[in-house]
Amino acid sequence: MFRIVERQRVNPEVNRFVIEASIIAQKREPGQFVVFRLHEKGERIPITIADADAQAGTITVYVQELGKTTFEMGRMNAGDEIADVIGPLGNPTPIEKLDGEVFAIAGGVGSAEVLPIARKHKEAGNKVIAILGYRSKDIVILEEEFRSFADEVYVTTDDGSYGREGFVTTELADHLEKGRPIAEIIAVGPAIMMKAVCDLTRHYNIKTMVSLNSIMIDATGMCGVCRVEVGGETRYACVHGPEFDGHKVNFDLLLKRLASFKEEEKISLERYQAAVGDEHTPWGAQDA
Amino acid sequence: MPDTKIPRQAMPKQRPKERIRNFNEVALGFSAELAQKEAERCIQCKKPFCIEGCPVEIDIPVFIELVAEGDFESALAKIRETNLLPGVCGRVCPQEEQCEIVCVLSKRFEPVAIGRLERFVADWEIREGKMDVPSVAPSTGHKVAVVGSGPGGLTVAADLARLGHKVTLFEALHKPGGVLVYGIPEFRLPKAIVARECEILEKIGVELKLDFVVGRTATVDELFEMGYEACFLGLGAGLPWFMNIPGENLVGVYSANEYLTRINLMKAYLFPEYDTPIRVGERVIVIGGGNVAMDAVRSSLRLGAKEAHIIYRRSRKEMPARDEEIENAEDEGVIFNFLLNPVRYIGNEAGRVKQVELLKMELGEPDASGRRRPVPIEGSEYKMDVDTVVVAIGNGANPLVPSSTPGLETNKWGYIVADAETGKTTKKGVWAGGDIVTGAATVILAMGAGRKAARSMHEYLTTGEW
Ligand SMILES: Cc1cc2nc3c(=O)[nH]c(=O)nc-3n(C[C@H](O)[C@H](O)[C@H](O)COP(=O)(O)OP(=O)(O)OC[C@H]3O[C@@H](n4cnc5c(N)ncnc54)[C@H](O)[C@@H]3O)c2cc1C
Ligand SMILES: Cc1cc2nc3c(=O)[nH]c(=O)nc-3n(C[C@H](O)[C@H](O)[C@H](O)COP(=O)(O)OP(=O)(O)OC[C@H]3O[C@@H](n4cnc5c(N)ncnc54)[C@H](O)[C@@H]3O)c2cc1C
Ligand code: SF4
């Protein structure tokens, strides 16, 4: 059992959790994730480790309520226990001093996934520019954290309620046009957003890494559900990734595979909501 | 007195029509009466071949005689001397190719149902509400890490714990048992049986560390830094193979591992009571002819598929699955298609598989495996509508541990190189056994490898000699 030490609602759809998981806290590196199983009847879901405190033996995660499991997790509180926390999984992001700027691009809860990577790039001596995109003002998260270390931070909202109106690509396009010395881009967010970023940067031939959020079960290479096509080859996001060269990723396939269990997921969520008597409907930020 | 006129006793089973609507065990097991009657058939050979046929050399005639006498407790104790998982082996061992094939009776009659008797005594103990916890030697103070809780790892852990060593069993998944819990379905091997064997292990002092992925949570070298003096790798062959044909990544094309893990470990057959979903649709095809394929195809029927097909590229004769499971599948209405191979899958706009293109085969000359090689018949392609495809053509070695363990040699297929007699790998203090060394094999062979490794590890721990 893994105890939740802290739970905080950071916006209407995202909760921040601090969870006791001492070995993982000591071992984890930016880019890695854990798999949760909330209880005996739960499913296994992957969530990125946003931060960790090795001394306290805790990890911090940001979880967006999308369906049954994340919705249920959002109703757990400090003191509650999670049956299983497995990790750290996936390959750490390779980070070194680069010749040029690093653009960290995040969409929604992807900010939590990009944060530890961007921070480590800064620590490695790189100039870090963050572009954070959200649907609207009330779901902006982690802006302050990025501002505390990044060299430049740009915020966009789809509806223009905060920062610049538009998508992360609206902002990125300007920087690309200006011909900034970009060494590398790391983009994490909904698959559709990562695809848009890659479509844009492809013309500029700028290395663009993405972190793929495919469906996973064991996340150790055993089941193969997370398979994605990269450069025409089948790769497993859990053991070969989760980061890949975005210009080689078959996003259309990823999007389709993410929708594999759409109907079942709907049944599951509605059934749960009816049981807990909660009217909350998730925001529809789902990939497909 | 042995009586060869008694026919081999049939195992009562759930009726096919009923059993395809539930996940309860198909074979119901012998009653005490049936077991004793079957045991009486054993002629107590002076030179019992059956013992040699069993990879862990259970003293079969003696245990059978005890069953015939009705002393089930002693019969179980006899089996436990060499096999700690009788409830598992009695159910899933390919007895027809191991202990039973060499039974003298099979020359003129049918062999003694050794596996069924083994299962009976294991189940008897459960029914009696007993649990025979083996005695343990005084502590030696040595610490051992066992990675992977499949039959190989469980055997090593038990043997070393009984010798007084402090054993920690590391398992990546949230439940111990390996393939026994995530692969083999409930209707063939109830999970409660596996859970019970693991409970006995804990009772003799083995520490179970679940949710611990060696190679990620800690590497093998880090385990040594943590104070473990020896390490056994029983990782299994848990990396699904695909055929690399067009359309294999379409939605609705599952690896057998994914399909069976959803069903067994995650209980998707109880969705939405359990959170993990599965979708089967009306027509399921399973590619392959082994036990894994049989388990997947029979699960499909239980999940409501109207038609469940096996697509196998050779003929029935070459199918590697156990006869009993092929027969069970036939009785349940599985449709067998031989001498066929898929060449591509075709999807709809949503990226979901809707058709498979199949190519007819004929049998040519025998290949390296001694089986006649399937040869494609040119121009014989045709299409079939499908809702779900399960690819059950085998598993390879997962690279997580080898790639994070310097000094650990693997062969060209990624399996760990280990001495057949001792299980020693190329890295000092590290042993390996089971499917990760041999490639996909059987439960009892993994246990046999575990036993040999435990012996060698004990020697190393007590003498310090590698
Ligand atoms: C490596 C990785 C890191 C991730 N990090 C985060 C994170 O830091 N914060 C966060 O909020 N989300 C993260 N996700 C996504 C998160 O796993 C899914 O949102 C979650 O599984 C949805 O579960 P659900 O039952 O609530 O929703 P469901 O209703 O089951 O599904 C909603 C959508 O989530 C996706 N999904 C469903 N099941 C899974 C699964 N088992 N694995 C992955 N995706 C699934 C599908 O696209 C589905 O349409 C990450 C995913 C991956 C692969
Ligand atoms: C569907 C199916 C049906 C089968 N039917 C039969 C049958 O009827 N009869 C028969 O005799 N055999 C059968 N087999 C084969 C048999 O199950 C295997 O040969 C046997 O289980 C191999 O045992 P093992 O100890 O090598 O490992 P496995 O049972 O494969 O277990 C390995 C364990 O190690 C864990 N692990 C792997 N990597 C790590 C890591 N890095 N860190 C921590 N833990 C890790 C895995 O999670 C797993 O639990 C079947 C196999 C399958 C898949
Ligand atoms: S363990 Fe397997 S081979 Fe040995 S006696 Fe039992 S069924 Fe036969």
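Me: How many salt bridges are there across the interface of chain B and chain A?
Reply: The rule finds 7 of them between chain B and chain A. Keep in mind that this is a predicted model.

Me: Which elements of chain B supply at least two residues each to the side that touches chain A?
Reply: Strand S5 (239–240), strand S6 (253–255) and helix H12 (256–265) each do so. H12(B) gives the largest share, 4 residues.

Me: What residue types make up that side of chain B?
Reply: It divides into 21 nonpolar, 11 polar and 12 charged residues.

Me: Back to the salt bridges. Which side chain of chain B does A:Lys68 meet in one?
Reply: That of B:Asp275. The N to O distance is 2.7 Å.

Me: And how many residue pairs are in polar contact across the interface?
Reply: There are 26 such pairs, with both residues at pLDDT 80 or more.

Me: What area is buried between the two chains?
Reply: About 3,900 Å². Carbon and sulfur atoms give 51% of that area.

Me: Which residues in chain B lose the most area to chain A?
Reply: B:Arg216, B:Asn249 and B:Asp275. Together they make up 22% of what that side buries. B:Asp275 is also the salt-bridge partner of A:Lys68.

Me: How many residues does each chain bring to the contact?
Reply: Chain B brings 44 and chain A brings 47.

Me: New topic. What domain does UniProt list for residues 143–450 of chain B?
Reply: The unreviewed entry lists "domain: FAD/NAD(P)-binding" there.

Me: How far apart are the end C-alpha atoms of that span?
Reply: They lie 17 Å apart. The span is 27% helix and 24% strand.

Conventions
Residues are numbered from 1 along each chain as its sequence is written. Chains are lettered from A and ligands numbered from 1 in the order in which they are written. This is a predicted model: local features need pLDDT of at least 70, side-chain atom pairs count only at pLDDT 80 or more; totals for chains, interfaces and linings use all residues. Side-chain values use heavy atoms; hydrogens and water are left out. UniProt positions are given in the numbering used here, feature names are shortened, and annotations may be inferred rather than shown by experiment. Contact means heavy atoms within 4.5 Å. Buried area is the accessible area (1.4 Å probe) that two parts lose on being put together, summed over both. A salt bridge is a side-chain nitrogen of Lys or Arg within 4 Å of a carboxyl oxygen of Asp or Glu. A polar contact is a pair of N or O atoms within 3.5 Å; within protein, one must be able to donate a hydrogen and the other to accept it, and residues adjacent in sequence count only if both atoms are side-chain atoms. Ala, Val, Leu, Ile, Met, Phe, Trp, Tyr, Cys and Pro count as nonpolar, Asp, Glu, Lys and Arg as charged, and the others, Gly among them, as polar.
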